[in-house]
Amino acid sequence: MALTDRYGNPVSTQSRAALENYNAALDLIRLYRGDPVAALDAALAEDPDFGGAWAARAGLLVTATDKAYAEETAKSLRAGAAARLNERERLHLQAAQDWAEGRFIDGTMRYGRIAQENPRDALALQYAHVGCFFVGMQSELRDWPLQALRAFKTGEDGFSYIQGMAAFGLEECGDYARADICGRQAVEADPRDGWAVHAVAHVNEMRGDLDAGIPWLANGAQHWAPDSGFAYHNWWHLALLYLDKGDTAQALALYDEKVRPDVNAQVMLEWIDASALLWRLHLEGADVGARFAQLAACWARAGEDAFYAFNDLHAVMAFLGAGRAADAERTLKAMRSAAADGGDNGHMTRRVGLPLAEAFVAFEAGRYGECVEKIMTTRGVAQRFGGSHAQRDILTLTALHAALRGGFAATAEAIAIERLAHKPQSPWAGRLARRARELSAEQRAA
Ligand SMILES: [Fe+2]
């Protein structure tokens, strides 16, 4: 009889030692903690023919969205194809292959279908969930976890992590009340669950609720931060709330101590948050010192990857902030050639990434009208290049600052009032709305 993983899914290995390491990896993956690749490698050391472990490894690597892992991914895919696989594991491998070959949507759909057919496969669900996030499939981000909950009893191993995914999906679909309840239940079940913590952090961010948001992150950090590979992102959310409050010093302190404690760390997802935080500070006119230069030095190795448009835009921000206009142009050039490609990133780049990157370049060059125009005609479809509402808020902020600087009073007021309507409690929204009204008043008086 086949052995089964911690959720009850049959696996292809006969080695109990391999399975034990694989189950440990599943725990680390759902918690975004420790080194799950090392745990999978330990499983594979026990049984190199364990195809499911190779497939999980490939899935983990492709969802890092960093071309730097291409070789390790290819190695996992090759070894997996030559190993023993059951049907479910074979589909996992195929999904990772889709991702590796740039078919992000196909790969995401395939993981989602595995989870539908095998509702106790929480790993397929998580990879599908992460995929939905990267390709902007918001309904499925919510609905696939909601579907999977049917297969788990409350309190059973795995249940709360699926609740955490459901919470984030609910939040991205605007159902803040249910997201809040679902996320808090998941965190109560396991306070180390950084993803569930994050779902509630998003609810607070979207509501502009600093009174709930700051203590939620700060007080729970003792549980979600240690040994987490995702903590930098929750710290980033906390820094955003301090920025909202107008506390630039605290936002910078969090950047230095928590988001980028090692300025040379080679984690692209961390660079994205770093770019996004520094650019917001830059818009506000804050002095960020040498931070942009340090960050741009990291981005330099990936500036011409044109692997995923969302990342490219964040590289451009770092280059512009560091005054490296020529590097920003190099990224744009790579994006232009990626835009001609028929794959998913080609579409994302053509329709979303490239016009936005051009808008940010225009902002930095003082061509505010062009910046506003390009962002405002792209923002409505920008979810197609992935990221969260909170991350893509940088588009709205940049357009608003461009409108203020360029003297486009009607646009500035429109965007600022929209922001205040969504976040009536947010001090930042209040400050921006005041500035927009002042600009209108000045122009009427002139
Ligand atoms: Fe987030």
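Is A18 buried or exposed, and what is its relative accessibility? At 0% relative accessibility, A18 counts as buried. The legends below treat this residue and several other sites.

The structure is a predicted model, in which local features need pLDDT of at least 70 and side-chain atom pairs count only at pLDDT 80 or more, while totals for chains, interfaces and linings use all residues. Residues are numbered from 1 along each chain as its sequence is written, and side-chain values use heavy atoms, with hydrogens and water left out.

**Figure 1. Surroundings of A18 in helix 1.** Helices are DSSP runs (H or I, at least four residues), numbered from the N terminus. Buried means under 20% relative accessible area, exposed over 50%, and partly exposed in between (1.4 Å probe, protein chains only). Contact means heavy atoms within 4.5 Å. Leaving aside residues up to four places away in sequence, A18 touches T13, A43, E46, D47 and F50. A18 and A42 are 24 residues apart in sequence, and their C-alpha atoms are 7.2 Å apart in space.

**Figure 2. The site of the iron ion.** Four histidines coordinate the iron ion through their NE2 atoms, at 2.1 to 2.2 Å: H198, H202, H233 and H237. Donors are N, O and S atoms within 2.8 Å of the metal (3.2 Å for Na, K and Ca); water is not among the atoms, so sites may look incomplete. Along the chain the donors follow the spacing H-x3-H-x30-H-x3-H. H202 lies in helix 11 (residues 194–207) and H237 in helix 13 (residues 231–245), so this pair ties together parts that are 35 residues apart in sequence. H202 and H237 are buried. The angles among the four donor atoms are 84 to 175 degrees, and the site is irregular. Four donors count as tetrahedral if all angles lie between 85 and 135 degrees; four count as square planar and six as octahedral if opposite donors are over 155 degrees apart and all others between 65 and 115; anything else is irregular.

**Figure 3. Two tilted aromatic pairs.** Rings of Phe, Tyr and Trp (its six-membered ring) pair if their centres lie within 6.5 Å; planes under 30 degrees apart count as stacked, over 60 as edge-to-face and the rest as tilted. A search of the whole structure finds 21 aromatic pairs. One of them joins Y22 and F50, at 5.0 Å centre to centre and with 55 degrees between the planes. This pair links distant parts of the chain, 28 residues apart: Y22 is in helix 1 (residues 16–31), and F50 is in the loop between helix 2 (36–46) and helix 3 (51–62). Y22 and F50 are buried. W195 and F230 form a tilted pair at 5.4 Å centre to centre, with 45 degrees between the planes. Here W195 in helix 11 is linked to F230 in the loop between helix 12 (210–224) and helix 13, 35 residues apart. W195 and F230 are buried, and both belong to one aromatic cluster whose members include W99, F134 and F310.

**Figure 4. The largest nonpolar core.** A nonpolar core is a set of buried Ala, Val, Leu, Ile, Met, Phe, Trp, Tyr and Cys residues joined through side-chain atoms within 4.5 Å. The largest one has 154 residues, and those with the most contacts inside it are Y22, W235, W279, W299 and F360. Helix 7 (residues 122–135) provides the largest share of this core, eleven residues. Among the residues that W279 touches are F292, M317, L320, F360 and I394.

**Figure 5. Cysteines without a disulfide partner.** A disulfide is a pair of cysteine sulfur atoms within 2.5 Å, and a search of the whole structure finds zero. The sulfur of C132 is 9.8 Å from the closest cysteine sulfur, in C173, too far for a bond. For C182 the closest cysteine sulfur is again in C173, at 13 Å, too far for a bond. C132 is buried at 1% relative accessibility, and C182 is buried at 11%.

**Figure 6. Loop residues T65 and D227 with positive phi.** T65, in the loop between helix 3 and helix 4, has a phi near 50 degrees. T65 is buried, with a relative accessible area of 3%. D227, in the loop between helix 12 and helix 13, has a phi near 60 degrees. D227 is exposed, with a relative accessible area of 56%. Most residues other than glycine have a negative phi.

Definitions and conventions: Helices (H or I, at least four residues) and strands (E, at least two) are DSSP runs, numbered from the N terminus.
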